[in-house]
Every structure is written in C-alpha cells, then in structure tokens.
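Biologist: Please take me closely through one part of this model, one residue at a time, and tell me how its surroundings are built. I would like a connected account that then follows the neighbouring parts, rather than a list.

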Amino acid sequence: MTYVVTDNCIRCKYMDCVEVCPVDCFYEGENMLVIHPDECIDCGVCEPECPAEAISPDTEPNLDKWLKVNAQYASAWPNITVKREAPADAKEFDGKTGKFEEFFSPEPGQGD
Ligand code: SF4
Ligand code: F3S
C-alpha cells in the first residue's frame, strides 16, 4: 500500500506534509503535491498534518484514480522536502469539489 494525495490538495498546497515525511517522498507540481508510491513506507504521519485533509491511505475506497495520478506525476515532478508559503488564496479553494477537472496542472513545481 501507500498513502496518496487527493483532490483537495489542488490549489491549497499547504506543504505541511513534506516536513514530516521520514523518506522525503513528496513531489511538487505547479498546484499540488503527490507521493511516490514506491518510496512511501506507509508510516501515516503525513495524514493528520494536512490542513486540507487531502492525504489518505490507498486502502480507502475509490482512490484508484489518485494512485495513478500520484504514481505518474511522482516520476515527472521534482522532489520537495522543505515547506514554503502556501498560495495566498489557498483558503478559498479548501473544500471545493471537482478541483482535478477544473484546476489540475501537469506542470512541475519548483521543488527544493
Ligand atoms: Fe511519507 Fe509516511 Fe506520508 Fe508515506 S505515509 S508519504 S512515508 S509521511
Ligand atoms: Fe497538499 Fe496537504 Fe500537503 S494541501 S501540499 S497534501 S499539507
């Protein structure tokens, strides 16, 4: 199994998760992060750290799509281990539905 980053990370991108991961397996896109499924050791410490509740274990139902998104983009985006400022308008997007369809960007973030 692995943990996965899901829809509510998009445009919230709080980045509290990256500081607690013992194996540094977060990767940064333009407006969300993903977890590398082959590097995650399932410790679970990132899940409660996310203010947007965007991280879940892939054992929860209906996360197949997110497992694919995490796996695909973890191989394409740069590693991130240090938290930066969240987007200024992050709060406005917290809890919105359908963010993947409306806002997902395949562009990489800047990484560390
Ligand atoms: Fe990192 Fe643990 Fe979260 Fe996996 S579950 S991404 S190893 S903090
Ligand atoms: Fe995203 Fe939550 Fe991390 S919003 S960047 S998964 S702290």
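Modeller: In this predicted model, and with residues up to four places away in sequence left aside, aspartate 16 touches Glu49, Pro51 and Lys83. Aspartate 16 has its place in helix 1, which spans residues 16-20. Is aspartate 16 buried or exposed? Neither word fits, because its relative accessibility is 24%, whereas buried would require a value under 20% and exposed one over 50%. To place aspartate 16 against another part of the chain, one can take lysine 65, which is 49 residues away along the chain and whose C-alpha atom is separated from that of aspartate 16 by 23 Å.

Aspartate 16 is also one of the residues around ligand 2. That set is made up of Val5, Cys9, Lys13, Tyr14, Met15, Asp16, Cys17, Leu33, Cys50, Pro51, Ala52 and Ile55, and Pro51 has already appeared as a residue that aspartate 16 touches. By class, the shell around ligand 2 holds 10 nonpolar residues, no polar ones and 2 charged ones. Where does ligand 2 sit? Its place is in the largest cavity.

Two other members of the set around ligand 2, Lys13 and Met15, deserve a separate look for their backbone. Lysine 13 lies in the loop between strand 1 and helix 1, and methionine 15 is found in the loop between strand 1 and helix 1 as well. Although lysine 13 is not a glycine, its phi is positive, at about 40 degrees. Methionine 15, likewise a residue other than glycine, has a positive phi near 70 degrees. As for accessibility, lysine 13 is buried because its relative accessible area is 7%, a value under 20%, and methionine 15 is buried because its relative accessible area is 4%.

Lysine 13 leads on to glutamate 28, which touches it. The two are 15 residues apart in sequence, and their C-alpha atoms are 9.3 Å apart in space. Glutamate 28 lies in strand 2 and, at 1% relative accessibility, counts as buried. Apart from Lys13, and not counting residues up to four places away in sequence, glutamate 28 touches Leu33, Trp77, Pro78, Ile80, Arg84, Pro108, Gly109, Gln110 and Gly111; of these, Leu33 is also among the residues around ligand 2.

Strand 2, residues 26-28, is in turn part of what covers the buried residues of helix 2, and that cover includes strand 1 (3-5), strand 3 (33-35) and helix 4 (99-103) as well. Which residues of helix 2 are buried? Within residues 64-74 they are Trp66, Val69, Asn70, Tyr73 and Ala74. They lie on the same side of helix 2, because the arc they cover around the axis is only 110 degrees. There is a general background to such a pattern: an α-helix has 3.6 residues a turn, so residues three or four places apart point the same way. On the face of helix 2 turned away from the buried side, the exposed residues are Asp64 and Lys68.

Asparagine 70 shows the buried side of helix 2 in detail. Its relative accessible area is 0%, and asparagine 70 is therefore buried. Residues up to four places away in sequence again left aside, asparagine 70 touches Val4, Val5, Val34, Ile35 and Pro37. The C-alpha atoms of asparagine 70 and proline 37 are separated by 7.1 Å, with these positions 33 residues apart along the chain counted as their separation. Val5, which asparagine 70 touches, belongs to the residues around ligand 2 too.

Lysine 65, the partner in the distance given for aspartate 16, lies in helix 2 as well. With a relative accessibility of 36%, lysine 65 counts as partly exposed. Beyond its neighbours within four places in sequence, lysine 65 is in contact with Phe100 and Glu101. Its C-alpha atom is separated by 24 Å from that of valine 23, 42 residues apart along the chain.

The other ligand remains. Ligand 1 sits in the second largest cavity, and of the 13 residues around ligand 1 those that come nearest are Cys21, Cys40, Cys43, Gly44 and Cys46. Its shell divides into 12 nonpolar residues, 1 polar residue and no charged ones, whereas the shell of ligand 2 has 2 charged residues and no polar ones.

Technical notes. Residues numbered from 1 in each chain as written. Chains lettered and ligands numbered in written order. Predicted model: local features only at pLDDT ≥ 70, side-chain atom pairs only at ≥ 80, totals over all residues. Heavy atoms only, no water. Buried < 20%, exposed > 50% of the residue type's maximum accessible area, 1.4 Å probe, protein only. Helix = DSSP H or I, 4+ residues; strand = E, 2+ residues; numbered from the N terminus. Arc of directions from axis to C-beta. Contact = heavy atoms within 4.5 Å. Near = heavy atom within 4 Å. 1 Å grid on protein atoms, 1.4 Å probe; cavity = no way out; pocket = protein on both sides within 12 Å on 5 of 7 lines; lining within 4 Å. Sits in = over half its atoms within 2 Å of the grid points. Nonpolar A, V, L, I, M, F, W, Y, C, P; charged D, E, K, R; others polar.
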